[in-house]
Amino acid sequence: MSRTITLLPGDGIGPEVTAATVRVLEAVGTDFEWESHIVGAEAVQQGEAPLPTAVTDSIRRNKICLKGPVTTPVGKGFRSINVQLRQALELYANLRPTKSIPGLDARFKGVDLVVVRENTEGLYSGIEHQVVPGVVESLKIITEKASTRVAEFAFEYARANGRKRITAVHKANIMKLSDGLFLDCFRRVAERYSDIEADDRIIDAMCMNLVIRPEAYDMLLLENLYGDIVSDLCSGLVGGLGVSPGANIGEREAVFEAVHGSAPDIAGLGVANPMALMRSAVLMLHHLGLSDEGERLSTALKQVVVIDKVRTRDLGGTVGTHEFTEAVVRAIDTP
Ligand code: NAI
């Protein structure tokens, strides 16, 4: 049965990696109708809002969105489309599985981490103002409601996916009220899940531990800013941004996107690695209950990257986005 999915190609390398991902989703036998929309600077150029209402309406209708990266102007201009979208749709949990790919040169082997990031508040609430010239204030909002629901998401995910332990990461020794509340909510939720081990670490020590012994951790739960930074760090442990998938999940809708940004330094050159978005599409297929298709795509990616050693530049290879994508299509067709 055909299903309609909202597609946001984004900008920078976004259109290249989304086209590649749509191509392999077709090859794997899905029958999706794509409702494509522009957002960000391109929408503004066409006289629209950076995040047009038609986009959020489309996602609300279709429930599922596949999204390329969108550039956010630095220091001025419109607010991040990503942050706006996550807040508008209450996509409260950002899920970023980080797993070593056997055979791929990376800093570490045997890493198998799942990062869960609170996605709607914290320092990304976007509440900033100038107190007097030369002094600005940025508010970090932490609520019991958002901290509890993201902790519940993490424990439910752990149960459903055979995970054994969740480590909450915080700075509650300094930010006693805000990070203290996040940690309290985590601990209260943990009491209801006696089958899952729960502990916590201070964010700075955690960063050091992650670059020394990442295999010691199973799942991490972090508030928004820490989760943003630490999930990029985790990508670096297993091969970089070109391979790291992600999903933004709410009660009703889910938006699937890679961890990486719009990579303006390589946009339009045809060298971007589409694997991170393809792996996000694998998460999307599982979310939709299309597990066979998800497994086929996942197996084809492993075949191409690990066995055939067809790799883009960021992974030490020589092929471009198109050649890589066609290799994945061939691997799907001839398992
Ligand atoms: P970035 O992730 O775009 O790039 C960092 C480095 O990784 C660059 O050297 C880039 O070439 C490389 N890289 C990233 N993805 C790659 C891929 N698929 N294949 C090969 N190499 C890849 O981070 P940066 O430069 O800090 O951000 C650029 C823009 O993207 C900013 O405007 C930022 O706000 C936005 N951004 C958007 C996100 C989203 O839409 N979800 C997430 C992160 C950043």
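**View 1. Helix α9 in the lining of the largest pocket.** In this predicted model, α9 is the top contributor to the lining of the largest pocket, giving six residues. The pocket holds about 820 Å³ of space, and 30 residues line it. Look around its centre and you'll find Pro97, Lys99, Arg279, Val282 and Leu283 lying nearest. Besides α9 (275-287), the elements that give two or more residues to the lining are β4 (93-99), β5 (112-118), β11 and α10 (291-307). Sorted by class, the lining comes out as 17 nonpolar, seven polar and six charged residues.

**View 2. Helices α7 and α8, side by side.** Here α7 (residues 203-212) packs against α8 (residues 224-237), with the axes 10 Å apart and an angle of about 10° between them. Angles under 35 degrees count as roughly parallel, so that is what we call α7 and α8. From α7, the residues in the contact are Ile203, Cys207, Leu210 and Val211. Across from them, α8 brings in Tyr226, Val230, Leu233, Cys234 and Leu237. There's nothing polar or charged in this contact: its residues are nine nonpolar ones.

**View 3. Asparagine 209 on helix α7.** Staying with α7, this close-up picks out asparagine 209. Setting aside residues up to four places away in sequence, asparagine 209 touches Arg201, Pro214 and Tyr217. For a sense of scale, glycine 294 is 85 residues from asparagine 209 in sequence and 32 Å from it in space, C-alpha to C-alpha.

**View 4. Glutamate 253, a buried loop residue.** Glutamate 253 sits in the loop between β11 (247-249) and β12 (254-256). Its relative accessibility is just 3%, so it counts as buried, the cut-off being under 20%. Leaving out neighbours within four places in sequence, the contacts of glutamate 253 are Ile59, Arg60, Lys63, Leu89, Leu91 and Asn248.

**View 5. Lysine 63 and glutamate 90, two loop residues with positive phi.** Most residues other than glycine have a negative phi. Lysine 63, though not a glycine, has a positive phi of about 75°. You'll find lysine 63 in the loop between α3 (53-62) and β3 (64-67), and with 36% relative accessibility it is partly exposed. Lysine 63 is also one of the contacts of glutamate 253. Glutamate 90, another non-glycine, has a positive phi of about 50°. Glutamate 90 belongs to the loop between α4 (81-88) and β4, and its relative accessible area of 31% makes it partly exposed.

Note on methods:
Residues are numbered from 1 along each chain as its sequence is written. This is a predicted model: local features need pLDDT of at least 70, side-chain atom pairs count only at pLDDT 80 or more; totals for chains, interfaces and linings use all residues. Side-chain values use heavy atoms; hydrogens and water are left out. Helices (H or I, at least four residues) and strands (E, at least two) are DSSP runs, numbered from the N terminus. Buried means under 20% relative accessible area, exposed over 50%, partly exposed in between (1.4 Å probe, protein chains only). Contact means heavy atoms within 4.5 Å. Axes are lines fitted to C-alpha atoms, for helices over the stretch in contact, and angles run from 0 to 180 degrees between N-to-C directions. Angles under 35 degrees count as roughly parallel, over 145 as roughly antiparallel, 65 to 115 as roughly perpendicular and the rest as oblique. Ala, Val, Leu, Ile, Met, Phe, Trp, Tyr, Cys and Pro count as nonpolar, Asp, Glu, Lys and Arg as charged, and the others, Gly among them, as polar. On a 1 Å grid over the protein atoms alone, a cavity is a set of points where a 1.4 Å probe fits but cannot get out, and a pocket is an open set with protein on both sides within 12 Å along at least five of seven lines; lining residues have an atom within 4 Å of a point. Grid points are joined across faces, edges and corners, and a volume is the space filled by probe spheres set on the points.
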